Amino acid sequence: MDILSYLTTLIKTHKEVGIPGLGTIYKKKSPGRYDINTHSFLPPSYTLSFTSDLKEQSLLSELISKKKNISIDASIYFVEQFSQNILDELSGHQESDFGDLGTFSTASGSLTFIPKQDSNLGFDFYGLPQLKTEPDTDKVKIL
């Protein structure tokens, strides 16, 4: 069962999704800003973040139950097995690929999540692009 695809679907439309046995993946908003290094206006965006606290625990199992036409108890079992597989992989390799979302790691001694920077998970703000500006070098004010 491809639980990562269900998780990816949910994180596109929900602010946070809990994974019993691991924690909660949530979207963190970054405001629009001006990047002085690239002379660009960057639109608001979301980045993925992780906490080991389980803030929500039913969305994933409910979606799996609905899509696979199985009981909630069976879907909870599959999610728990998925979490245990991730933890087993982390204990052996200190890193576990989490598909389009990112990577889990225990290299620092605690469970951390490193989101993929180049993934497009539907976090665009009305399709606003990055706007480049050209520095005006002809007009220099001396105070």
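**Exercise 1. A residue with an unusual phi**

In which loop is the place of N69? Find the loop, then describe the backbone and exposure of N69.

*Solution.*
Step 1. This is a predicted model. N69 sits in the loop between α2 and α3.
Step 2. Check the backbone. N69 is not a glycine, yet its phi is positive, about 55°. Most residues other than glycine have a negative phi.
Step 3. Check the exposure. The relative accessible area of N69 is 71%. Exposed means over 50%, so N69 is exposed.

**Exercise 2. The length of a helix**

What span should the 22 residues of helix α3 have, and does the distance between its end C-alpha atoms agree or disagree?

*Solution.*
Step 1. Helix α3 covers residues 72–93.
Step 2. The rule is 1.5 Å times one less than the number of residues. For the 22 residues of α3, the expected span is 32 Å.
Step 3. Compare. The end C-alpha atoms of α3 are 31 Å apart, which agrees.

**Exercise 3. Two sides of α3**

Which residues of α3 are buried? Which are exposed on the other side?

*Solution.*
Step 1. List the buried residues of α3: S75, V79, F82, S83, I86 and L90.
Step 2. Look down the axis. These residues cover an arc of only 90°, which puts them on the same side of α3.
Step 3. Recall the geometry. An α-helix has 3.6 residues a turn, so residues three or four places apart point the same way.
Step 4. Turn to the other side of α3. There D73, S91 and G92 are exposed.
Step 5. Find the cover. The buried residues of α3 are covered by elements including α1 (3–13), β1 (16–19), α2 (59–68), β6 (95–97) and β7 (102–105).
Step 6. Place the helix. α3 lies across β6 and β7, and runs at about 135° to β6.

**Exercise 4. One buried serine**

Is S83 buried or exposed? What does S83 touch?

*Solution.*
Step 1. S83 lies in helix α3.
Step 2. Its relative accessibility is 2%. Buried means under 20%, so S83 counts as buried.
Step 3. Leave out residues up to four places away in sequence. S83 then touches I19, P20, G21 and L22.

**Exercise 5. Just after the helix**

Where is Q94 found? Describe its phi and exposure.

*Solution.*
Step 1. Q94 is in the loop between α3 and β6. It comes just after α3.
Step 2. Q94 is a residue other than glycine, with a positive phi near 65°.
Step 3. With a relative accessible area of 45%, Q94 is partly exposed.

**Exercise 6. The sheet with β1**

In what order do the strands β1, β2 and β5 form a sheet? Which strands stand at the edges?

*Solution.*
Step 1. The 3 strands form an open sheet, in the order β1-β2-β5, with antiparallel pairing.
Step 2. β1 and β5 (45–51) are at the edges. Each has a single partner strand, so one side of each lacks a neighbour in the sheet.
Step 3. From one strand to the next, the twist averages 25°.
Step 4. Zoom in on one pair. β2 (residues 23–30) and β5 pair over 7 bridges. There I25 has F50 of β5 as its bridge partner.

**Exercise 7. The sheet with β8**

How do β6, β7 and β8 pair, and in what order?

*Solution.*
Step 1. These 3 strands form an open sheet in the order β6-β7-β8; the pairing is antiparallel.
Step 2. β6 and β8 stand at the edges. Each has a single partner strand, so one side of each is without a neighbour in the sheet.
Step 3. The twist averages 20° from one strand to the next.
Step 4. Take β6 and β7. They pair over 3 bridges. S96 has F104 of β7 as its bridge partner. Their hairpin has 4 residues between the strands, and G99 takes a positive phi near 60°.
Step 5. Take β7 and β8 (residues 112–115). They pair over 4 bridges. T103 stands opposite I114 in β8. Their hairpin has 6 residues between the strands; G109 in the turn has a positive phi of about 100°.

**Exercise 8. The core**

How many residues has the largest nonpolar core, and which have the most contacts inside it?

*Solution.*
Step 1. The core has 23 residues. L7, I25, L60, F98 and F104 have the most contacts inside it.
Step 2. Find the contributors. α1, β1, β5, α2 and α3 each give two or more residues to this core. The largest share, 6 residues, comes from α1.
Step 3. Follow L60. Leaving aside neighbours within four places in sequence, L60 is in contact with I3, Y6, L7, L10, V17, G18 and V79.

Technical notes:
Residues numbered from 1 in each chain as written. Predicted model: local features only at pLDDT ≥ 70, side-chain atom pairs only at ≥ 80, totals over all residues. Heavy atoms only, no water. Buried < 20%, exposed > 50% of the residue type's maximum accessible area, 1.4 Å probe, protein only. Arc of directions from axis to C-beta. Contact = heavy atoms within 4.5 Å. Pairing = 2+ DSSP bridges. Axes fitted to C-alpha atoms, helices over the stretch in contact; angles between N-to-C directions. Core = buried A, V, L, I, M, F, W, Y, C linked by side-chain atoms within 4.5 Å.
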